Amino acid sequence: MDKASLASALGSPAVFGQSQFAFMRGNAFEARVKADGGAELLRLVHDKLDRSAEPPAGAQVPALSATGPEGRAARTSLALREATEAPGTWTLLDHPMLALDVAGSPAFLEPDAVVVHPDGSWTVVEIKSFPMLDGSADPAKVGAAARQAAVYVLALEQVAARLSPSPRVRHRILLVCPKDFSNLPTASAVDVRKQRAVTDRQLARLTRIEDIADALPEGVCFSPDLPADELTAAVEAVPATYAPECLSACELAFHCRARSREAGAVTSLGRPVRAELGGLSTVEDVLAAARGEAGDPADPAVAALRRAAALRAEALATAGGGAL
Ligand code: SF4
């Protein structure tokens, strides 16, 4: 389902994404890195990852356009195969399309670039607009880029597995960033073996999409074309546990946050708060437990709330009165 369209149809559109300025700056930097048939990009790949190979004096840049993501993924697979079968040359795939099996359904991914080395091995290239200062960049941003690239590595490995002999997909990717505060590209090789292994395990553990669909109420439909009340009822038929972390990860976050607040759910205060409160799932339950009107006194969360309420009442009484 396209969750961004669903969120808009529900009246709570997502506000994801970079600012227009950051987006344009990122695009301009990427265009610079890939200018002249990717000459600078290939020089960086050679310098950081494959110095024993012949320096790239020009590269193949196959056209990858096709209709739809399936067509583009098929075109990319063909280009990878042709490049791998022509050893001794460098090939740059600009915005290839890869399909990765996620819970039994293909997810289409578009890395910034993939380079085929003269020995037939493949490297993922990620181009980011955050700066690399004195050769190192913000570790949190590098970590996010490594996790992203690891997914591309897994998708490339699925393509490689269909070829015979299977080409090697390199587990060191090339991260290209602006150098210091300039617009000049610099790069660093990033080992993504750990991120790749973690993502692989997570993908293997995912519940199959058919099993999720089987658990849905009979006849439920999330088409954004449905009337708003029907669509809202369909979404409400599926339990959701909103937490503030959803805001940076899910297009439905504004919708779920509003519902969660309406219901007084404690998860809207954050997962750590929910964990502390044990079985008390609404703000109303929490206040009733604190007042001594509900809850099992043997429950450590209830006991802690009553103690906190007593301390608060004591403090307010000392300061001149007040009530919970
Ligand atoms: S609960 Fe969070 S992750 Fe689930 S649909 Fe709502 S916003 Fe998305």
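Q: Which helices are among what covers the buried residues of helix 8?
A: This is a predicted model, where local features need pLDDT of at least 70, side-chain atom pairs count only at pLDDT 80 or more, and totals for chains, interfaces and linings use all residues. Residues are numbered from 1 along each chain as its sequence is written, and side-chain values use heavy atoms, leaving out hydrogens and water. Helices here are DSSP runs (H or I, at least four residues), numbered from the N terminus. The cover, judged by contact (heavy atoms within 4.5 Å), includes helix 1 (3-9) and helix 9 (253-262).

Q: How many degrees of arc do the buried residues of helix 8 cover around the axis?
A: Buried means under 20% relative accessible area, exposed over 50%, and partly exposed in between (1.4 Å probe, protein chains only). In helix 8, Leu-231, Thr-232, Ala-234 and Val-235 are buried. They sit on the same side of helix 8, because their arc, taken from the directions from the helix axis to the C-beta atoms, is only 160°.

Q: Is Thr-232 buried or exposed?
A: Let's place Thr-232 first: it is found in helix 8, residues 228-236. Leaving aside residues up to four places away in sequence, Thr-232 touches Leu-10 and Arg-259. Its relative accessible area is 18%, so Thr-232 is buried.

Q: How is helix 5 oriented relative to helix 6?
A: Helix 5 (residues 139-161) and helix 6 (residues 193-205) pack at about 65°, with axes 8 Å apart. Axes are lines fitted to C-alpha atoms, for helices over the stretch in contact, and angles run from 0 to 180 degrees between N-to-C directions. Angles under 35 degrees count as roughly parallel, over 145 as roughly antiparallel, 65 to 115 as roughly perpendicular and the rest as oblique. The angle therefore makes helix 5, relative to helix 6, roughly perpendicular.

Q: What is the orientation of helix 2 and helix 3 to each other?
A: Helix 2 (residues 20-33) packs against helix 3 (residues 35-49) at an angle of about 85°, and their axes are 6 Å apart. The two helices are therefore roughly perpendicular.

Q: How many Å separate the C-alpha atoms of Leu-287 and Asp-200?
A: Leu-287 lies in helix 11 (residues 283-291), and it counts as partly exposed at 37% relative accessibility. Leu-287 and Asp-200 are 87 residues apart along the chain, and their C-alpha atoms are separated by 43 Å.
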